[in-house]
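Okay, thanks for coming, everyone. I'd like to walk you through a structure today, so let me put it up on the screen.

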Amino acid sequence: NYNDALADFTRALEIDTKWAWLFAQRAETYRQLSRYPEALADFNRAIELNKDYDWAIAQRGETYRIMGKYPEALADFDRALELDEKNTWALLRRGQTYRQMGKYSEALADYNRVLEIEASNVDALAGRGETYRLMGKYPEALADFNRAIELDEKYTRAIASRGQTYYQMGEFAKALTDLDRAIELNATMGWAIALRGETYRLMGK
């Protein structure tokens, strides 16, 4: 219960106003509630109290990314990775930021680095696959999605993205199989439902 968490964090901060960890936890709670300005304020305070707090720096970067403030996000991810070069979470989020900016080479480099550290990281495989898909490198995208699904057969994002790749390749029957499975696993995945409808339309169904 996020509101109860906020109440307790706020009460604790009234007692101890210099607890960096607690500011960061309240910030994370604000972000989960989509209250981004308040999240940033608390992350800022946590980092003021501990300038090398790599977790808070990376999480602030993620807040910036969600807000579409990509340069600020990259600055924080860069700093977090200076503090811990094997922070795979920060590498993944920086890769995602680069991908959203259309900087695909940089995104691939980050996903590759994660996979050097953790060869079976399904998020890196799916993220790299999505980057390849956006680049029009469909065989490479399929290879990464296939591997991610082998590792986690219920990885909805990878299944849906593989379906989208098949759709773009004109392999509509395979696209439907994946989209059906993704929607079965997550009935609220709106874009997959819409894409399945478009696939049916193109097939004349």
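Let's start with helix 12, residues 190-203. It has 14 residues, and at 1.5 Å a residue that should give a span of 20 Å; the C-alpha atoms at its ends are 20 Å apart, so the two agree. Before I go on: this is a predicted model, so keep that in mind throughout.

Which residues of helix 12 are buried? They are A192, L195 and T199. Look down the axis of helix 12 and its buried residues fall within an arc of 60 degrees, so they line one face of the helix. The cover over those buried residues includes helix 10 (156-168) and helix 11 (172-185). Right after helix 12 you get G204, with a positive phi near 75 degrees.

Step back into the loop between helix 11 and helix 12 and you find N186. N186 is partly exposed, because its relative accessibility is 28%. If you want a feel for distances, take N186 and L83: 103 residues apart in sequence, and 37 Å apart in space, C-alpha to C-alpha.

Now, the inside. In general, nonpolar side chains in soluble globular proteins tend to be buried together. Here the largest nonpolar core has 48 residues, and A46, A56 and A158 have the most contacts inside it. Helix 2, residues 20-32, gives the largest share of this core, with six residues. As for A46, leaving out residues up to four places away in sequence, its contacts are A20, F23, A24, Y53 and A56.

So what does helix 2 itself look like? Mostly covered: 10 of its 13 residues are buried. Among them are A20, L22, F23 and A24, but also charged-type names like R26, E28 and R31. Helix 1 (2-15), helix 3 (36-49) and helix 4 (54-66) are included in what covers them. On length, 13 residues at 1.5 Å each should span 18 Å, and the end C-alpha atoms of helix 2 sit 19 Å apart, which agrees. Just after helix 2, S34 has a positive phi of about 65 degrees.

Okay, aromatics. There are three aromatic pairs. In one of them, W19 and W21 have ring centres 5.7 Å apart and planes at 35 degrees, so that pair is tilted. Y167 and F172 make another tilted pair, 5.9 Å centre to centre with 50 degrees between the planes. W19 comes out as partly exposed at 38% relative accessible area, and W21 is partly exposed too, at 41%.

Last bit: charges. Side chains of opposite charge can pair when their charged atoms come close. The count here is 22 salt bridges. R128 and D144 form one, with the closest N and O atoms 2.6 Å apart. R128 is in helix 8 (residues 122-134) and D144 in helix 9 (residues 138-151), so this pair ties together parts 16 residues apart in sequence. And are those two buried or exposed? Both R128 and D144 are buried.

There's also a network: K51, D52, R79 and E82 are joined by salt bridges that share partners. Within it, K51 meets D52 at 3.5 Å, N to O. K51 counts as exposed because its relative accessibility is 60%, while D52, at 34%, is partly exposed.

That's my tour, over to you.

Note on methods. Residues numbered from 1 in each chain as written. Predicted model: local features only at pLDDT ≥ 70, side-chain atom pairs only at ≥ 80, totals over all residues. Heavy atoms only, no water. Helix = DSSP H or I, 4+ residues; strand = E, 2+ residues; numbered from the N terminus. Expected span 1.5 Å × (residues − 1). Buried < 20%, exposed > 50% of the residue type's maximum accessible area, 1.4 Å probe, protein only. Arc of directions from axis to C-beta. Contact = heavy atoms within 4.5 Å. Core = buried A, V, L, I, M, F, W, Y, C linked by side-chain atoms within 4.5 Å. Phe/Tyr/Trp six-rings, centres within 6.5 Å; stacked < 30°, edge-to-face > 60°. Salt bridge = Lys/Arg side-chain N within 4 Å of Asp/Glu carboxyl O.
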